[in-house]
Amino acid sequence: MQKTRALYYAPIVVLTSMTLVIGFAAEPFFQFAFTAAEQLLDPSAYIHAVLGGGA
């Protein structure tokens, strides 16, 4: 019975911990999202890396 109860609480604890980490240390997540958005808006670096210097 105790093991099943712990299994029910495990996802709650994990998601709460992740929420707190993202909330208190938001800068790395913001930088990641900002960089991804910049690359989506200007794909020239990706095109250069895939097609090489001749494109």
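Let's start at Ser17, which sits in helix α1, the stretch covering residues 2–24. Before going further, keep in mind that this is a predicted model. Ser17 has a relative accessibility of 37%, so it counts as partly exposed, given that buried means under 20% and exposed means over 50%. Now look from there to Val50: the two residues are 33 apart along the chain, and their C-alpha atoms are separated by 38 Å.

That distance is a good way into the overall layout. The chain has three helices and zero strands, so reading along the sequence you simply get α-α-α. How spread out is the chain next to a compact globule? Its radius of gyration is 20 Å, well over the 10 Å that the globule rule gives for 55 residues, so the chain is more spread out than a compact globule would be. You can also picture the C-alpha atoms in a box: along the principal axes, they fill roughly 65 × 25 × 15 Å.

What about burial? Of the 55 residues in the chain, 0% are buried. The accessible surface comes to about 5200 Å², and carbon and sulfur atoms account for 73% of that.

Back near the start of the chain, an unreviewed UniProt entry lists residues 7–26 as a "transmembrane region". In the model, that span is 95% helix and 0% strand, and the C-alpha atoms at its two ends lie 29 Å apart.

Next comes helix α2, residues 26–41, where confidence is highest, at a mean pLDDT of 94. Which residues make the aromatic pair here? By the ring-centre rule the count comes to one pair, and it is formed by Phe30 and Phe34, with 6.0 Å centre to centre and 25° between the planes. The pair counts as stacked because its planes are under 30 degrees apart. The two residues are four apart in helix α2, so about one helical turn separates Phe30 from Phe34. Phe34 itself is partly exposed, with a relative accessible area of 42%.

That leaves helix α3, residues 44–51, where confidence is lowest, at a mean of 89. Is α3 tucked away or in the open? Of its eight residues, the number buried is zero, so α3 lies largely in the open. Right after α3 comes Gly52, whose phi is positive, near 90°.

Finally, a word on how far to trust the picture. The mean pLDDT of the chain is 89, and 95% of its residues reach 70 or more. As a general caution, where pLDDT is low, the predicted coordinates should not be read in detail.

Notes. Residues are numbered from 1 along each chain as its sequence is written. This is a predicted model: local features need pLDDT of at least 70, side-chain atom pairs count only at pLDDT 80 or more; totals for chains, interfaces and linings use all residues. Side-chain values use heavy atoms; hydrogens and water are left out. pLDDT is the predictor's confidence in each residue, from 0 to 100. UniProt positions are given in the numbering used here, feature names are shortened, and annotations may be inferred rather than shown by experiment. Rings of Phe, Tyr and Trp (its six-membered ring) pair if their centres lie within 6.5 Å; planes under 30 degrees apart count as stacked, over 60 as edge-to-face and the rest as tilted. Buried means under 20% relative accessible area, exposed over 50%, partly exposed in between (1.4 Å probe, protein chains only). The radius of gyration is taken over C-alpha atoms; the globule rule is 2.2 Å times the number of residues to the power 0.38. Accessible areas come from the Shrake-Rupley method with a 1.4 Å probe; for residues, only the protein chains shown count as cover.
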